Amino acid sequence: MCCDGTLFDGVQLEPGDDAPRLQALGLPVKSFRARQPIVRFPQPCAALCADRTCRLYADRPRQCRTFECKMFKEARAGRIDYAAALRVVEKTRRQADKARRLLGKLGDTEEQRSLGERFHRMQCRMEAEAADPAALALFADLSLAVHRLKLLAHEKFYTRADEQRSSVATDS
Ligand code: SF4
């Protein structure tokens, strides 16, 4: 979930990361103008394989190397056992899958975008269009699914610093 657009919208490169090399390896790295220029690539990550391993593991950027979610830290410190931590991961993935299914039913099949971005775009579409009652009911279910996912993400996975680059955590 750290790589597939569930928890984050993208990965920001840090000093020491070799942007041209990562680009040559297939990551769509882009620079954005800002007071401090931002170099990042979007999630779902182009290097994430179907078996959920990283195609670029040996070359992955610094943020990927150093990131540890709250659940992993809790398990490593012995505050939760690994089986219980895995159940939380599975529950959160089911919640994300539910949100993706509902987006699909509403006509959004843009699997290449992060879940947070897809939900935000759908929210804008619903506000702009005169949606029929069935679509509005689906959107209500989607909003609830994303809300539950946000709660899980905040409670179980993000640390304070992670929230600034999160996918579903920001209020859209
Ligand atoms: S480079 Fe690898 S570790 Fe980093 S986001 Fe992509 S799949 Fe995940």
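# Exercises on the pockets and the fold

In this predicted model, the largest pocket has a volume of about 1000 Å³. Among the 37 residues lining this pocket, those closest to its centre are Met1, Cys2, Cys3, Arg52 and Phe67.

**Exercise 1.** Describe the lining of the largest pocket by residue class, by helix and by domain.

*Solution.*
Step 1. Sorting the lining of the largest pocket by class gives 26 nonpolar, 4 polar and 7 charged residues.
Step 2. Turning to the helices, we find that helix 2 (62-66), helix 3 (70-76) and helix 4 (82-105) each contribute at least two residues to this lining, and that helix 4 gives the most, with 5 residues.
Step 3. At the level of domains, domain 1 (10-66) and domain 2 (70-165) each provide at least three residues of the lining of the largest pocket.

**Exercise 2.** Characterise the second largest pocket, and explain where it lies with respect to domain 1 (10-66) and domain 2 (70-165).

*Solution.*
Step 1. The volume of the second largest pocket is about 220 Å³, and of the 15 residues that line this pocket, Asp4, Pro44, Leu48, Arg52 and Arg100 are the closest to its centre.
Step 2. By class, the lining of the second largest pocket divides into 8 nonpolar, 1 polar and 6 charged residues.
Step 3. Because domain 1 (10-66) and domain 2 (70-165) both give residues to the lining of the second largest pocket, this pocket lies between them.

**Exercise 3.** Work out how the helices and strands of the protein follow one another from the N terminus on.

*Solution.*
Step 1. Begin with the count, which is 6 helices and 3 strands in the protein.
Step 2. Then read the elements from the N terminus on, where the order is β-α-β-β-α-α-α-α-α.

**Exercise 4.** Decide whether the radius of gyration of the protein agrees or disagrees with that of a compact globule, and then describe its dimensions, burial and contacts.

*Solution.*
Step 1. For 172 residues, a compact globule would have a radius of gyration near 16 Å, and since the protein has 17 Å, its value agrees with this expectation.
Step 2. Taken along the principal axes, the box filled by the C-alpha atoms of the protein is roughly 50 × 40 × 30 Å.
Step 3. A residue counts as buried when its relative accessible area is under 20%, and buried residues make up 35% of the 172 residues in the protein.
Step 4. Finally, of the contacts in the protein with a separation of 6 or more, 61% are between residues 24 or more positions apart.

Technical notes. Residues are numbered from 1 along each chain as its sequence is written. This is a predicted model: local features need pLDDT of at least 70, side-chain atom pairs count only at pLDDT 80 or more; totals for chains, interfaces and linings use all residues. Side-chain values use heavy atoms; hydrogens and water are left out. On a 1 Å grid over the protein atoms alone, a cavity is a set of points where a 1.4 Å probe fits but cannot get out, and a pocket is an open set with protein on both sides within 12 Å along at least five of seven lines; lining residues have an atom within 4 Å of a point. Grid points are joined across faces, edges and corners, and a volume is the space filled by probe spheres set on the points. Helices (H or I, at least four residues) and strands (E, at least two) are DSSP runs, numbered from the N terminus. Ala, Val, Leu, Ile, Met, Phe, Trp, Tyr, Cys and Pro count as nonpolar, Asp, Glu, Lys and Arg as charged, and the others, Gly among them, as polar. Domain bounds come from an automatic or database domain assignment. The radius of gyration is taken over C-alpha atoms; the globule rule is 2.2 Å times the number of residues to the power 0.38. Buried means under 20% relative accessible area, exposed over 50%, partly exposed in between (1.4 Å probe, protein chains only). Contact means heavy atoms within 4.5 Å.
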